[in-house]
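Got the viewer open? Let's take a walk through this one, stop by stop, with something to select at each.

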Amino acid sequence: MRNPTMPAEWREALSRTKHGFRTWRDTRPFWAGLITLSASLPIMYFPYAHLSWGSVTLALSSTAGAASLVIGILLVVLGLLLWFQQNARLFAGIAAILMSLIALPLANFGGLLLGTLPGLIGGSLACAWMAPDGTSLPGDPVDASHEPTTAQNDGLTLFSAPPAEGGPHAQ
């Protein structure tokens, strides 16, 4: 009878792989990208599918086919962008939200809402994601690593005389 356990080197390699993947996943908006990718599937699928329940066939083929394909491919690209370029997460998140909303009228109610809702959730998660150490990424609009500074008087004057007494800018 053979031993059902794995060899030690396989266990160690599997452990290293799991740890490496976990580290990779934690340094980027992984779940936002995955949910955005999953939003593209129903948007691309339903305009080309013929669903049947018993003797009833539901065909959603219409002029929405081209728009559905374009929106679905853009959502796939945005999901991959979230995984591999986490500095562009705000752009990708906002674009995913917009593509999901555009899919409502253009792509059969956004893949019967099965594509719009995950797209909205994935885009929102992308916009809300922060780096694990709490610092902002270089592409973020507000860089939290800098302390606020106060303006220094450099000797330039904008007004030659002090404001009149009782005016809105009187001190």
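Start with the surface on: the protein exposes about 11900 Å², and carbon and sulfur atoms supply 67% of that. Bear in mind as you click around that this is a predicted model.

Now switch to cartoon. You should find six helices and two strands, and if you trace the chain along the sequence, the pattern reads α-α-β-β-α-α-α-α. Colour by burial next: of the 171 residues, 30% count as buried. Contacts are worth a look too. Among those between residues at least 6 apart in sequence, 65% join residues at least 24 apart.

**Stop one: the core**

Select Ile43, Ile71, Leu75, Leu78, Leu82, Met99 and Ala103. Out of the 14 residues in the largest nonpolar core, these touch the most other members. Which helices each supply at least two residues of this core? They are α2, α3 and α4 (89-106), and α4 gives the most, with five residues. As background, nonpolar side chains in soluble globular proteins tend to be buried together.

Stay on Leu82 and show its surroundings. Leaving out residues up to four places away in sequence, Leu82 touches Arg28, Pro29, Ala32, Gly33, Thr36, Arg89, Ala92 and Ala126.

One of those neighbours, Thr36, makes a good next click. Thr36 sits in helix α2. Is Thr36 buried or exposed? Its relative accessibility is 0%, so Thr36 counts as buried. Show what is around Thr36, again skipping residues up to four places away in sequence, and you get Leu75, Leu78, Gly79, Leu82, Ala96, Gly122 and Gly123.

**Stop two: the aromatics**

Select Phe21, Trp24, Phe30, Trp31, Trp83 and Phe84, and show them as sticks: together they form one aromatic cluster. The count for the protein comes to nine aromatic pairs. Zoom in on Phe30 and Trp31: their ring centres are 5.0 Å apart and the planes meet at 80°, so this pair is edge-to-face.

Keep Phe30 selected and add Trp83. This aromatic pair is stacked, with 5.3 Å centre to centre and 5° between the planes. Where does each partner come from? Phe30 is in helix α2 and Trp83 in helix α3 (residues 64-84), 53 residues apart, and the pair links distant parts of the chain.

How covered are these two? Phe30 has 10% relative accessibility and counts as buried, while Trp83 is buried with a relative accessible area of 14%. Both values fall under the 20% cut-off for buried.

**Stop three: a patch on the outside**

Bring the surface back and select Trp31, Leu34, Ile121 and Leu125. They make a nonpolar surface patch of about 380 Å². The elements giving two or more residues to the patch are α2 (30-45) and α6 (116-128). Trp31 should look familiar, since it also belongs to the aromatic cluster you have just visited.

End the tour on Ile121, whose place is in helix α6. Ile121 has a relative accessible area of 47% and is partly exposed. The label follows because partly exposed covers the range between under 20% (buried) and over 50% (exposed).

Terms used:
Residues are numbered from 1 along each chain as its sequence is written. This is a predicted model: local features need pLDDT of at least 70, side-chain atom pairs count only at pLDDT 80 or more; totals for chains, interfaces and linings use all residues. Side-chain values use heavy atoms; hydrogens and water are left out. Patches are made of residues with over 30% relative accessible area and no salt bridge: like charges are joined within 9 Å, nonpolar side chains (Val, Leu, Ile, Met, Phe, Trp, Tyr) within 5 Å. Accessible areas come from the Shrake-Rupley method with a 1.4 Å probe; for residues, only the protein chains shown count as cover. A salt bridge is a side-chain nitrogen of Lys or Arg within 4 Å of a carboxyl oxygen of Asp or Glu. Helices (H or I, at least four residues) and strands (E, at least two) are DSSP runs, numbered from the N terminus. Buried means under 20% relative accessible area, exposed over 50%, partly exposed in between (1.4 Å probe, protein chains only). Rings of Phe, Tyr and Trp (its six-membered ring) pair if their centres lie within 6.5 Å; planes under 30 degrees apart count as stacked, over 60 as edge-to-face and the rest as tilted. A nonpolar core is a set of buried Ala, Val, Leu, Ile, Met, Phe, Trp, Tyr and Cys residues joined through side-chain atoms within 4.5 Å. Contact means heavy atoms within 4.5 Å.
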